[in-house]
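User: Could you take one part of this model and look at it up close, helix packing if you can, then work outwards from there? Keep it chatty; I'm happy with numbers.

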Amino acid sequence: MTYFRPTELTDAIDWLADNEARIAAGCTDLFAAETGPSLKGPVLDVTAVTAMRKIERLADHWRIGAAATWTDVLRADLPVAFDGLKLAAREVGSVQIQNAGTVGGNLCNASPAADGVPPLLTLDASVEIASKSGVRTLLLQDFITGPRQTALAPGELLTAVLVPEAAGAGRANFVKLGARKYLVISIAMVAVRLVELEGHVAKAAVAVGACSAVAQRLPAVEKALQGEPMVAGVSVPVTDAMIADALAPITDIRADAEYRADAACELVRRTLEGAVT
Amino acid sequence: MNVERQTLTLVVNGEERTVAAPPARRLSELLREDLGLKGTKVGCNAGDCGACTVLVDGAPVCSCLMPARQAAGRRVTTVEGIGGEGGSDGRLADLQAAFLRHGAAQCGICTPGMLMAATSLLRENPHPSRAEVKDAIGGVLCRCTGYQKIVDAVLDAAHPGVAPALPGAGEAVGARIERLDGVPKVAGTEVFGADFWPEGALWVRAVRSPHHDATFSFGDLDAWCRDTPGVEFVFTAADIDGDNRFGVIPAFAEQPALAEGRARFRGEAVALVAGETASLGELDLSGFPVQWQPGDDYVEPEAALAAERPVHDDRPGNVLTSGMVRQGDAEAALSASAHVVDGAMRTAYVEHAYIEPEAGTAWMEGDVLCIQACTQAPIMDRDDTAKVLGLEKEKVRILPAAAGGGFGSKLDLSVQPLIGLVALKTGRPCRMVYARSESLMSSTKRHPATLRARIGADAEGRVTAMTMEGDFNTGAYASWGPTVAGRVPIHAPGPYRTPAYEGRARAVHTHGPVSGAFRGFGVPQAAVLQETLYDELAEACGMDRLEFRRLNALRDGDVTAFGQELQAVGTVECLDALRTRWEEALALANIVNAEQGPVRRGVGVASCWYGCGNTSIPNPSTIRLGVTAEGRLRLHQGAVDIGQGSNTVIPQILADALGVGIDAIECIGADTAITPDCGKTSGSRQTYVSGKAAELAGRALRQTILRLSNRGEGAAIAFDAGRIVITEGAERSEIDLSRLEADANGYVLAAEETYDPPTTGLDQNGQGKPYAVFGYGAQLVELDVDVKLGTVKVRRITAAHDVGRAINPLLAEGQIEGGIAQGLGMALLEEYLPGVTENLHDYLIPTVGDMPEIQSILIEKTDPEGPMGAKGLGEHVLIPTAPAILNAIRHATGAKVTRLPALPHRVLAAIREAEGR
């Protein structure tokens, strides 16, 4: 069999152990890279695996099935801390792409410009990976190891994204900069999540995408924000150096490196201000 | 390869369909190839264009991205299923009718995708806002319309309107009628290049050069052909019996259909492979036995001009040709001028990016080779294909498929000689559909230009002189390079009095993609520099920028820098039509900018002119009319409608010239076997030149009918079963058609008229009368620039275009809105880089969300030469957009952008330069 579409996770994992297969979900990246009329196989299609599709609140975390589509994310009942993720979901390609493309696919494709990664980084997300030898979890920043590279080993399947309960607190925002309105690959993007305590920033999570080989959290910025009043002007203590030090932008057809560095600074400030106003 | 098949059952348009197919096959392929539902269009196979949008369980998805297996057991809705009662009764849905009413379908290739995306929205939200419509259709690209009429149609779908009655006799010209060929476009039944093939057709694929420049040799082709499953035939240049050199301008024709030992650009075809469809589609061609020896390539004209080894051995120095216009002593006049500005501009390769990749089918009928493919120029296709294949012209018949956009690139041959060769050599029908990457690599582009100019003015703000020099990167083969080199010096001064002028343009070969015709033939590039310099000059003179243009605009009776006396010049009228908004917009900008925020408002204006038809050389159109013994009136219309509307506009002109209702006209063609030559659809010439031939033919047939019935000029004519009824006042007579003898074409009455624009050649100084009719226009752009990010958001464009006579205002507006979309793309987004942007997610064209509100103002300054006073329109609509945008950016920020496209990083760098940082 060269195309397998199970409904049970165990069947998927068993088959994957025996077949060197491509794991397919929304196929928005796989088919885009395919020149022929069919996906080259063998193919493990995980879109019918019920356990991988659900978005649910569990005892101490949220679980987003890896095969949940961006439309599923948009429609899910999630706290406002996930608003950055929802804003990103709206910016993934087009409605057509959001209806097919999945959260797990976005991570496994590991594009430096993946829209889902910065907001998930600000949600302190980890990934759940299953194989015949069991289940392991990894922090998202440890899962994506480079452009188009992940820690997924042969026989392993990304089954879910996990967001710890603590990360469900606060307000979030996401801003994407692209050369056009729809269907556009980001030049840069920023996600933030700010947890408020008595009118001040108790915890800040800030991540930038498309300005380094893998999207990055900005620890210096997060530290500087701590204790700041949660009002307009919250970004004032953030310096360009705090942002630039965490990034390594490149020059490509969309923008040059110098521009990306500058734009990242401006976007970080705007995304922060947008989160508090 | 996933050729293993599974039995899949889907509910398609309410009907259960079971098909054995590879489960990993694209759903789009399953729908089109296995289920015959060709209303679903494939534009990119990557989710970038949305043309293939269908609904799966009600949700829009790109069917090119969904494995067929995922659709099994689900409800799939295609364009064939959205009409009344699930499409089964042939009625159009309200949405489809709204598309027709609003002129939302031009070429029609994106229409099914648009309809599906909008259908999904309207089912959930029957009364959406404009923003919601844009979000819903944001994933479908359209290259023709500029999107405004599509959004209007979706918003209006909830109000089912009635199509206006077709105009009666004498009322057609000026009527805002729906396009006459529109129903198949909105029903999904239009037959584009990829939509028809005879039973058993071979699938044809090309092996293309991966190098900008390389010599090559083949290995054992016979063995590879024999040993590769699915491959039945391999052809190379050695199989071509004719003269393997084509080109749109015979004197320069040198492009091989299949390269001979040396490939001169990346994507040039060197061999063809033909075989059974399913296997050949999956075949990996990387194992094809060809060895490449890459050369020292260059893709920039500066390097080409200095190169030791030219692209073509017989064109040393790489200069293909040059054009020049000179009047007076421009240098001396500049020296004596009170104000002189000078500047440079660099523009990029721009891709036509029609949503339909090149496609077609070929078959033999006896000894006649028949080719049905997308094209803008059927007769040129016929002649060049016959030449390459070594056939008499009469042995090639071109039946143009509907063209899913053209914009100049489908003037040149693409699939025609390739599928022609396979059909001829094998005797079997065949078909070929370019992948998007193939289309991008191998099709022609807008010439990248490197321009320098100086313009002077006297103390009163009157332009004194201009010099302009431009190098146009014409790529590896000539194509329309000579036309660009000729047109640019003529048009570069713009529609302004320029007493002393010297303009030169060169077409320079490189190993880049072939540059050809693209809406404006180099004039848009030149206008970017001239019109931005005009802003600087107006500033130097201390004048309002619009007033400066008005002062210098050419007037009726003025003589141009190329020595032609002009009549019916509409520039002043166009500028005047913008004045009220100009003043409002400037006042508004002052208010916005007083806040000193990060977003600055800018206002810009630019004007344009454009000579319609070929430059100084004949380009006749012939229209034939015939009346059958049964009383039917046939219009043999060889002008290819690529979406611009000639299938509607030419009948409108004919109807009024003949004096009949438009519903009396049956339009036939284009088909080289049955329609006389109407030339190519380019140079803004079809409404003017073919329209004029239609007018002449209509008047001639009217005269014949009046003569036969002995009636006067004011008589009314009506066609009826077997007779023509002529009424003059209270008197009435008939012509009994059954008593007349039929001619060789089977017509009992006929008229055939040819019109060729009255032009003259240009002398050694470029002086003469290159065009008989010009179109004019001016556009006003209002935009916001984010001065921290360099991003530009165009808010509103007011576009005044002098069309002489608006034969169909609805279609004219569609041309303006679509031209602006392409002008905006050229200004802000589009840059084709060979080897880099070979898909539609790296090569970006505007989406619906990038388009401003457009207000079109049609100026009708009747032309003494054009039919019913009409002038051409198709090209001048995009010329002012890019310079007006740059002028508005400079107005907002002081930034002088001198390289297109004005991507955010370039704009930001220019802002910082202007700030002295």
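Analyst: Before the angles, one bit of bookkeeping: a helix axis here is a line fitted to the C-alpha atoms of the stretch in contact, and angles between N-to-C directions run from 0 to 180 degrees. Keep in mind, too, that this is a predicted model. The predictor gives the complex an ipTM of 0.98 and a pTM of 0.98. Chain B, where we'll spend most of our time, averages a pLDDT of 97, with 99% of the residues scoring at least 70.

The part I'd pick is the pairing of H19 and H20 in chain B. H19(B) covers residues 646–658 and H20(B) covers residues 686–709; their axes come within 8 Å and cross at roughly 30°. Angles under 35 degrees count as roughly parallel, so that is the label for H19(B) and H20(B). As for handedness, the crossing is right-handed.

Who touches whom? On the H19(B) side the contact is made by B:Ser646, B:Val649, B:Ile650, B:Ile653, B:Leu654, B:Ala657 and B:Leu658. Facing them from H20(B) are B:Gln686, B:Thr687, B:Ser690, B:Gly691, B:Ala694, B:Glu695, B:Gly698, B:Arg699, B:Leu701 and B:Arg702. Sorted by class, this contact holds eight nonpolar, six polar and three charged residues.

There's also a backbone oddity on the way into H20(B). The loop between strand S26 (665–668) and H20 of chain B contains B:Ala670, and the peptide bond leading to B:Ala670 from B:Gly669 is cis, with omega near 0°. For context, most residues other than glycine have a negative phi, and most peptide bonds are trans. Chain A has a cis bond as well, joining A:Gly41 and A:Pro42 with omega about -5°. A:Pro42 sits in the loop between strand S2 (22–24) and strand S3 (43–45) of chain A.

Now for a second helix pair to set beside that one. H21(B), residues 809–828, and H22(B), residues 881–893, have axes that come within 8 Å and cross at roughly 50°. That angle is why H21(B) and H22(B) are classed as oblique to each other. Their crossing is right-handed. H21(B) brings B:Ile820, B:Gly823, B:Leu824, B:Met826, B:Ala827 and B:Leu828 to the contact, while H22(B) answers with B:Thr881, B:Ala882, B:Ile885 and B:Leu886. The class split for this pair is eight nonpolar, two polar and no charged residues.

B:Gln148 links back to this part of the chain. B:Gln148 belongs to helix H6 (residues 148–156) of chain B. Leaving aside neighbours within four places in sequence, B:Gln148 is in contact with B:Glu817, B:Met851 and B:Ile854. B:Gln148 counts as buried because it has 25 C-beta neighbours inside 10 Å.

If you want a helix that is mostly covered, try H13(B), residues 416–426, where nine of the 11 residues are buried. Those are B:Gln416, B:Pro417, B:Leu418, B:Ile419, B:Gly420, B:Leu421, B:Val422, B:Ala423 and B:Leu424. Right after H13(B) comes B:Gly427, with a positive phi near 75°.

Two residues that are not glycine have positive phi values too. B:Ala568 has phi near 55° and lies in the loop between helix H17 (545–552) and helix H18 (571–594) of chain B. With 18 other C-beta atoms within 10 Å, B:Ala568 is partly exposed. Over in chain A, A:Asp124 has phi of about 50°, in the loop between helix H6 (117–122) and strand S6 (126–131). A:Asp124 has 20 other C-beta atoms within 10 Å, so it is buried.

Last stop, the place where the chains meet: 48 residues of chain B are in contact with 40 residues of chain A. Strand S4 (59–62), helix H2 (68–71), helix H9 (277–282) and helix H23 (904–914) of chain B each supply at least two residues of the side touching chain A. S4(B) gives the largest share, four residues. By class, this side of chain B has 25 nonpolar, 13 polar and 10 charged residues.

Conventions
Residues numbered from 1 in each chain as written. Chains lettered and ligands numbered in written order. Predicted model: local features only at pLDDT ≥ 70, side-chain atom pairs only at ≥ 80, totals over all residues. Parallel < 35°, antiparallel > 145°, perpendicular 65-115°, else oblique. Left-handed = near helix turned anticlockwise from the far one by under 90°. Contact = placed C-beta atoms within 7 Å. Nonpolar A, V, L, I, M, F, W, Y, C, P; charged D, E, K, R; others polar. pLDDT = per-residue confidence, 0-100. Buried ≥ 20, exposed ≤ 12 C-beta atoms within 10 Å, placed from the backbone.
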